[in-house]
Structure formats: structure tokens, C-alpha cells
Amino acid sequence: MTKTYLQILYFTLISSSILTASESAISQNACIACHGSNWDKKALSESQPVSKMTHTQIYDALIGYKRGTYGRNHKLLMKNQVAKYSDKQLYQLSQIIGIQDNTKTSKIIAGACTGCHGTYWDKKALGTSKVVS
């Protein structure tokens, strides 16, 4: 009887850990069509490339989409995409795409350069220089 109980307990633990592992991963396949496989496309020609956002900016955007507080024209589209995921899953996704928050790049972005070069280095400074990114 004890052996059967332990087998059931073992099977239950293994099954739940497999389920948890598969639930924690967000398939990025649905994202590729609009954001590109390297996250470098402007989704539907409107958004900024995700590859130029920090992990924190990505997480804030995903949570904002989920709660309906972030986004413009495609807010509803993104809300439907992220609604099925937990905040933890969205956090995990945000940590594997974009740039780290503590890099020199993000410290510079927060500085005085953004007025001319743009927050994501996407503007020609004073309309004449090259785009940095």
C-alpha cells in the first residue's frame, strides 16, 4: 500500500512539474509575424522595435496591454494576445528580449542625449546626423 501511495505521489509531482514548465514558456511564434524573429520590426508599421526597448519597458508595456492601459491603435489586439498569460510569464518573456536596464546604453538614453537623438536613438539629431541605432 505504501509503495502504491509513493508511486502516485511521484507521478503527481512529475506531472505537475512538467505542466508548470510548459505553462511558464510563452511561444514567441505568434509575435514573429508583427515584431519579426529578431524583434526588430515596427509592428504593423507603428510601434517601436521591441529590440530597442529595455526589459523593464517591455514588461511595463506587456502588463499595460494586459490591463488595457497601454497602447494606441492596436491596444485591443495586444490585450487579446497577452491576456492568457500570468504576470510572471510576461516578466519571464520580457527578460529574454530587449536590452538590459543597467547597460551603459540605457544610462545614456536616460541622459541629455534624448532631446536630439530620441529615447531609442531613432532620430537624426537636429535633422542632419545619422540615426545611431
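## Starting with H3

Which residues of H3 are buried? They are His55, Ile58, Ala61, Leu62, Ile63, Gly64 and Tyr65. Keep in mind that this is a predicted model.

## The chain as a whole

Zoom out, and the chain has seven helices and zero strands. Reading from the N terminus, the elements go α-α-α-α-α-α-α. Of the 133 residues in the chain, 23% are buried. The accessible surface is about 9,400 Å², and carbon and sulfur atoms account for 59% of that.

What about contacts along the sequence? If you take those between residues at least 6 apart, 45% link residues at least 24 apart.

## Back to H3

H3 covers residues 55-67. Its 13 residues should span 18 Å at 1.5 Å a residue, and the end C-alpha atoms are indeed 18 Å apart, so the two values agree. Just after H3 comes glycine 68, with a positive phi near 80 degrees.

As for the buried residues of H3, they pack against two helices: H4 (75-82) and H5 (87-96). A general point helps when you look at a helix: with 3.6 residues a turn, residues three or four places apart point the same way.

## Where H3 meets H4

The H3 and H4 axes come within 7 Å of each other and cross at roughly 100 degrees. That crossing makes H3 roughly perpendicular to H4. On the H3 side, Leu62, Tyr65, Lys66 and Arg67 make the contact, while H4 brings Lys75, Met78, Lys79 and Val82. Sort the residues of this contact by type and you get four nonpolar, four charged and no polar.

Technical notes
Residues are numbered from 1 along each chain as its sequence is written. This is a predicted model: local features need pLDDT of at least 70, side-chain atom pairs count only at pLDDT 80 or more; totals for chains, interfaces and linings use all residues. Side-chain values use heavy atoms; hydrogens and water are left out. Helices (H or I, at least four residues) and strands (E, at least two) are DSSP runs, numbered from the N terminus. Buried means under 20% relative accessible area, exposed over 50%, partly exposed in between (1.4 Å probe, protein chains only). Contact means heavy atoms within 4.5 Å. Accessible areas come from the Shrake-Rupley method with a 1.4 Å probe; for residues, only the protein chains shown count as cover. The expected span of a helix is 1.5 Å times one less than its number of residues. Axes are lines fitted to C-alpha atoms, for helices over the stretch in contact, and angles run from 0 to 180 degrees between N-to-C directions. Angles under 35 degrees count as roughly parallel, over 145 as roughly antiparallel, 65 to 115 as roughly perpendicular and the rest as oblique. Ala, Val, Leu, Ile, Met, Phe, Trp, Tyr, Cys and Pro count as nonpolar, Asp, Glu, Lys and Arg as charged, and the others, Gly among them, as polar.
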